[in-house]
Amino acid sequence: MSTIGDLERRAGIGASPAERTAFWLQFHHLEGEACLNAGVAELRRLIALREAPADPRPKTRTVRRTRETLQPLTPEQEAALQAYAARHGRRWKSILNNA
């Protein structure tokens with residue numbers, strides 16, 4: 001069985017009286033044992049967050065969708081695309097992409 005001090009240290013609550021008081025003040029509205037139980041439950045939750053194994057997947061990576069195969073263009077779509085290309089010149093693809 002752990003003491004309150006052990007739980008506070010494992011949860012990352014500072015050792016100073018001010019830091020400990022700041023943590024326990026959030027439960028001051030509860031009476032007696034309910035205050036203690038709520039505080040201990042929060043300490044255990046914080047410990048579980050700190051001691052949880054790290055996610056092996058890097059955080060900066062994004063999941064990319066696989067590309068879908070598009071249907072061939074209809075004659076009307078092809079004509080519209082050619083008209084767009086003629087109107088916007090040789091950079092028509094980048095202009096279309098930005099639009």
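Two colleagues talk through a predicted model and the reasoning behind its descriptions.

Colleague: Happy to look at this with you! What makes up the secondary structure of the protein?

Modeller: The predicted model has five helices and zero strands. From the N terminus, the order reads α-α-α-α-α.

Colleague: How do you know what the radius of gyration says when set against a compact globule?

Modeller: The rule for a compact globule of 99 residues gives a value near 13 Å, whereas the protein has 30 Å. The 30 Å does not match that of a compact globule. The box around the C-alpha atoms, taken along the principal axes, is roughly 80 × 25 × 25 Å.

Colleague: And how much of the protein counts as buried?

Modeller: Buried requires under 20% relative accessible area, and 16% of the 99 residues count as such. The protein exposes about 8900 Å², with 55% of that supplied by carbon and sulfur atoms.

Colleague: Now the interior. Why is the set that includes Leu7 and Trp24 called a nonpolar core?

Modeller: A core needs buried residues of nonpolar kinds, joined through side-chain atoms within 4.5 Å. Ten residues make up the largest such core: Leu7, Ala11, Ile13, Phe23, Trp24, Phe27, Cys35, Val40, Leu43 and Ile47. Helix 1 (4-11), helix 2 (17-25) and helix 3 (32-51) each supply at least two of these residues. Helix 3 gives the most, with four.

Colleague: Which residues does Ile47 touch, beyond those up to four places away in sequence?

Modeller: Ile47 touches Leu7, Arg10 and Ala11; contact here takes heavy atoms within 4.5 Å.

Colleague: What makes the span of helix 3 close to the expected one?

Modeller: Helix 3 has 20 residues, and 1.5 Å a residue leads to an expected 28 Å. From first C-alpha to last, helix 3 reaches 29 Å, so the two values are close.

Colleague: Nice. How do you know that the buried residues of helix 3 line one face?

Modeller: The buried residues of helix 3 are Cys35, Gly39, Val40, Glu42, Leu43 and Ile47. Viewed down the helix axis, they fall within an arc of 160°, so they line one face. As background, an α-helix has 3.6 residues a turn, so residues three or four places apart point the same way.

Colleague: What covers that buried side, and which exposed residues does the face turned away from it carry?

Modeller: The cover over the buried residues of helix 3 includes helix 1 and helix 2. On the face turned away sit Glu33, Arg44 and Leu49, which are called exposed because each passes the cut-off of over 50% relative accessible area.

How values were computed
Residues numbered from 1 in each chain as written. Predicted model: local features only at pLDDT ≥ 70, side-chain atom pairs only at ≥ 80, totals over all residues. Heavy atoms only, no water. Buried < 20%, exposed > 50% of the residue type's maximum accessible area, 1.4 Å probe, protein only. Helix = DSSP H or I, 4+ residues; strand = E, 2+ residues; numbered from the N terminus. Arc of directions from axis to C-beta. Rg over C-alpha atoms; globule rule 2.2 N^0.38 Å. Areas by Shrake-Rupley, 256 points an atom, 1.4 Å probe, with all protein chains shown as cover.
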